[in-house]
Amino acid sequence: MRRLFAPSRPAPPALALLALAALCVLVAGFQHGRLFHRGYAEVEIIGLLFFMNAIGSTVVVLTLIFGRIWLFVLGALSICVPSLVSIAISHSSGLFGFREGGYDGDALVIVVAEVAAVLFALVGGATAAMTLRQRAGA
Amino acid sequence: MRLALAALVVLVMAFAISGVGMGEAPAERQAAPAADAVAAAKQRIDAGGATTARGRALFADEGCDRCHSIAAAGANGRLGPRLDTIDDDAEDVAEAIVEPREDIVDGFPERLMPDDYGERLSDAQVAALAVFVATAAGSEAEREDEDESGRSRGRGRGDSSGRGRGGDEG
């Protein structure tokens, strides 16, 4: 638990991957915030989730900027995975009574950014774990 | 360096979170009906028959109110076009429910509305939804009835039937 909040200095390749993940989290969060003000605010529960996604994404990216890489990886996955699942459900059976018919440009940007964020965060986190373990062993 | 980057992130996201410079929902470009038109629509809905009542229930149950606005029914959705200012009759509304991508109102997302209502709902349910929307909008027979009653109440008075709404098609 302490490790989650402790600052880490991973190797440059790991940091680059995590920075890409952060950029993707930021893009998806920005889109959620923008869409909140473009009509989703009135959609019960979903609107609030969009708003929370934008705020949460900002906080998560800040954790990486201040060196808490494990908190960032956990936060990025905690935001992007449920968001992707929610998008999939809202396009099929519906989520909280809200259904969408297809993926327009805005939805596609979010899906691509969040899938990329998950991949970069996982690979970046794994790379960071390996390099930090090697450093500790040396 | 870190503080500058953090400040930049916060600044960029502040725009999205506050909505500054993010534009407006397409539905906000459509004028809301006047108060007297809303009152008239409420009367039409209340006076409507079982089909209208069933359509109103379906409108909420199927989540139409999440995206569409009908002031008289308390629906405030802004993702799709307003439905209380349309000029379509029930038949046109039914077609739009079943084939929502045939006629997209300018500025609205093309693929947002599910296009499976024709399969998920029975013909009777689609018809009930369409009658409710047309009744709320005051199209066809209802509007003619209002005209008739308005004329009988006395010529020369202001029109309170909500005509001249001039909204986009849904």
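This is a guided tour of a predicted model, taken selection by selection.

Because the model is predicted, local features are reported only at pLDDT of at least 70 and side-chain atom pairs only at pLDDT 80 or more, while totals for chains, interfaces and linings use all residues. Residues are numbered from 1 along each chain as its sequence is written, and chains are lettered from A and ligands numbered from 1 in the order in which they are written.

**The two chains**

Begin by colouring chain A by secondary structure, where you will find 5 helices and 0 strands, in the order α-α-α-α-α from the N terminus; helices (H or I, at least four residues) and strands (E, at least two) are DSSP runs, numbered from the N terminus. Taken along the principal axes, the C-alpha atoms of chain A fill a box of roughly 55 × 20 × 20 Å. Of the 138 residues of chain A, 42% count as buried, where a residue is buried if 20 or more other C-beta atoms lie within 10 Å of its own, exposed if 12 or fewer, and partly exposed in between, with C-beta atoms placed from the backbone.

Now select chain B, which has 8 helices and 2 strands, running α-α-α-α-β-β-α-α-α-α from the N terminus. In chain B, 40% of the 170 residues count as buried.

Two residues are in contact if their C-beta atoms, placed from the backbone, lie within 7 Å. Among contacts between residues at least 6 apart in sequence, 75% in chain A join residues at least 24 apart, and the corresponding share in chain B is 70%.

**Helices H3 and H4 of chain A**

Select H3(A) and H4(A), which pack at an angle of about 155° with their axes 8 Å apart; axes are lines fitted to C-alpha atoms, for helices over the stretch in contact, and angles run from 0 to 180 degrees between N-to-C directions. H3(A) and H4(A) are therefore roughly antiparallel to each other, the classes being under 35 degrees for roughly parallel, over 145 for roughly antiparallel, 65 to 115 for roughly perpendicular and the rest oblique. The residues to display include A:Gly56, A:Val60 and A:Leu64 from H3(A), and A:Phe72, A:Ala76 and A:Ile79 from H4(A). By class, this contact of H3(A) with H4(A) has 7 nonpolar, 6 polar and no charged residues, where Ala, Val, Leu, Ile, Met, Phe, Trp, Tyr, Cys and Pro count as nonpolar, Asp, Glu, Lys and Arg as charged, and the others, Gly among them, as polar.

**Helices H4 and H5 of chain A**

Keep H4(A) and add H5(A), for which the packing angle is about 145° and the axes lie 9 Å apart. Among the residues that meet here are A:Val73, A:Leu77 and A:Leu84 in H4(A), and A:Ile110, A:Glu114 and A:Val118 in H5(A). The contact of H4(A) with H5(A) has 16 nonpolar, 2 polar and 1 charged residues.

**Two loop residues**

Next, select A:Ile45, in the loop between helix H2 (12–36) and helix H3 (46–65) of chain A. A:Ile45 has a positive phi of about 65° although it is not a glycine, and it is exposed, with 12 other C-beta atoms within 10 Å. Then move to A:Phe96, in the loop between helix H4 (69–90) and helix H5 (105–137) of chain A; A:Phe96, also not a glycine, has a positive phi of about 50° and counts as partly exposed, with 15 C-beta neighbours inside 10 Å.

**A:Leu17 and the nonpolar core**

Turn to A:Leu17, which lies in helix H2 of chain A and counts as buried because 21 C-beta neighbours lie inside 10 Å. Not counting residues up to four places away in sequence, A:Leu17 touches A:Phe120, A:Val123, A:Gly124 and A:Thr127. A:Leu17 and A:Ala117 are 100 residues apart in sequence, yet 9.4 Å apart in space, C-alpha to C-alpha.

A:Ala117 also leads to the largest nonpolar core, of 76 residues, being one of the members that touch the most others, as are A:Leu18 and B:Ala130. Such a core is a set of buried Ala, Val, Leu, Ile, Met, Phe, Trp, Tyr and Cys residues joined through C-beta atoms within 7 Å. H2(A) gives the most to this core, with 12 residues. Around B:Ala130, leaving aside neighbours within four places in sequence, display its contacts B:Ala90, B:Val93, B:Ala94 and B:Ile97.

**Where the chains meet**

Finally, show both chains together: 28 residues of chain A are in contact with 28 residues of chain B. On the side of chain A that touches chain B, H3(A) supplies the largest share, 6 residues, and the residues of that side divide into 12 nonpolar, 9 polar and 7 charged.
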